[in-house]
Amino acid sequence: MSAKLPPGLQLEKVDDRIMTLNVGPQHPGSGHMRIIIKVDGDYIVHTDPDPGYVHRGEEKMAEYRNYITNIPHLERPVIHDSCNILYPYCLGIEELLGLEVPERAKYLRVIAAELNRCVYIQYWLAIYGIFLGHSTMFMWPTGDRELLIDLLEKMTGARVTHAYFVPGGIRNDVPPNFEDVCLRQVNYFEKRIKEYADVFYDNPILISRTRDTGVLSREDAIKLGTTGSVLRASGVDFDIRKKEPYDVYDELDFQSPTLKEGDSYARSKIPWLDMFESCRIIRDALKKMPKSGSVRVKLKPKPKGGDTEIYRRVESGRGALGMYIVSKGKPQPYRLKISVPSFRNLIAMPHLLTGEKLGNMPAVYWSLNYWPVEADR
Amino acid sequence: MVNDITVSKPKGLSVINQINSNNANVFVGKLGDVLYKAVGTPLGMALNWGRLWSLWPVHIETACCSVEFGAASGPRYDVERFGIIEAFGSLRQCDLVVVQGTITRKMAPRLRLVYDQMPEPKYVIAMGACAITGGLYFDSYNVLPGIDGILPVDVYVPGCPPRPETLIQGCMLLQEKIKRMKAR
């Protein structure tokens, strides 16, 4: 006989039809996170994402480090997109301290950010390939990614964790022959990524697996608050680089690609189209960049800000990435809030997965351009 | 163990009922010693030789070092040359845990569970400063100061994150260690 339960509580009804599955954290189709999925036969009837496996308390840690020593740990949430996550932080601190960034540093920042966006997208694409069982699509982007990592290593001295952006410019100037090498590598890189169409994007198997799965309509995309590639795949032309240009993005010639379908295929194609635009931006920036000059404003050892609140955001590899800094006149920020695009796109996951077939889960899940470490901060 | 047997005083075939995983060693121990002395050393060497060229890491990503782990499986670094395939889905067929970075309080029990579910023999590589000492996050409220408290680590690979070459060197050190290990 069942024990008497306190009022208000009841035993969960056991249903033979519904089965609960834990996808993650140890699962070939998940990263550092868990999705609790309930399936009825082959169809998902309930989705409950469970993030927080890599919550390291970045925001709290930022409160007892000063503005300069905050730089290394703030880029750790997305180490393969580390320039873009430091971008809003540096823009915010520059506004706080009233610094004027040298012109050459602005262009070099844009080049580093766009190279890093390509590096991020290549890694994302590699994982998307392996999720769909397409091993060639793991090998090709991982190999081509190393070209750009070499370039970034020349610029910054580190493979993935660059810590290149500092308030008031960039850490070091580039080596003397950097422009030629960069142009050559980027041209070759563009030629390589064009070939992905043959093996991946025009592949009938990929199209049959991703077309019309996880369709996110334009209205839902806006209502759920998604950003970046997810939003642009649903037909909303929203790119921070265009809408709120920072540094020198308003002087450069590029477009932000938009698709109307809103399915997994469109969401997987937008980052690929983004890489072509990044190559265009890099070539344009190399042409317009001043050939010499200072790259960094000298700072006092422990700079202090006034009593203000600052919010700056940039377009990262995944979407709008914002930093909200509250300063109370001390060398440390009073509060630092990182508004991450991954977490915004995660909100769309239950909406998209519920009602899908279980086999479509990896195709929909990773097309959301979601990096769990960043979402957990 | 020995005390239990003397108290219960088993007789005849009822001894078999007393054998369980705890005291089985007492009965078959002597035979095992003789066998081990005869064929143990060459057999163990052969076993270890087989194991060291087929290390299969389990697919558990714990933090951002997984990016460099992925790069190490890529075409430029290609750890498959050393018999280490890229992260594998089923943990029942794996014998290596590469702890890829920070372990938080939420991840620690899951990591231990994965380790416990793997069959023997199993080896652990702690990859990155966070897995060794907590690294940059030494003073964070949600991060363990290294994984020594929850897993027996064989090789430490320093770096934040370690370059793929460093990871490969760590794997080769582990192979060297297995070669000299007593076969389990």
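How many residues has helix α7 of chain B, and what does the helix reach from its first C-alpha to its last?

**View 1. Helix α7 of chain B in a predicted model.** Helix α7(B), residues 164-180, has 17 residues and reaches 25 Å from its first C-alpha to its last, close to the 24 Å expected at 1.5 Å a residue (1.5 Å times one less than the number of residues; helices are DSSP runs of H or I with at least four residues, numbered from the N terminus). Residues are numbered from 1 along each chain as its sequence is written, and chains are lettered from A in the order in which they are written. Because the model is predicted, local features need pLDDT of at least 70 and side-chain atom pairs count only at pLDDT 80 or more, whereas totals for chains, interfaces and linings use all residues.

**View 2. The two sides of α7(B).** Among the buried residues of α7(B) are B:Leu167, B:Cys171, B:Leu174 and B:Ile178 (buried: 20 or more other C-beta atoms, placed from the backbone, within 10 Å of the residue's own; exposed: 12 or fewer). These buried residues fall within an arc of 145° seen down the helix axis, so they line one face (the arc is that of the directions from the axis to the C-beta atoms). The face turned away from the buried side carries the exposed B:Glu165, B:Glu176, B:Lys179 and B:Arg180.

**View 3. Surroundings of B:Ala126.** Leaving aside neighbours within four places in sequence, B:Ala126 is in contact with residues including B:Val99, B:Ile147 and B:Tyr156 (contact: C-beta atoms, placed from the backbone, within 7 Å).

**View 4. The contact between chains A and B.** Chain A gives 28 residues and chain B 32 residues, and α5(A) gives the most to the side of chain A that touches chain B, with 4 residues.

Conventions
Contact = placed C-beta atoms within 7 Å.
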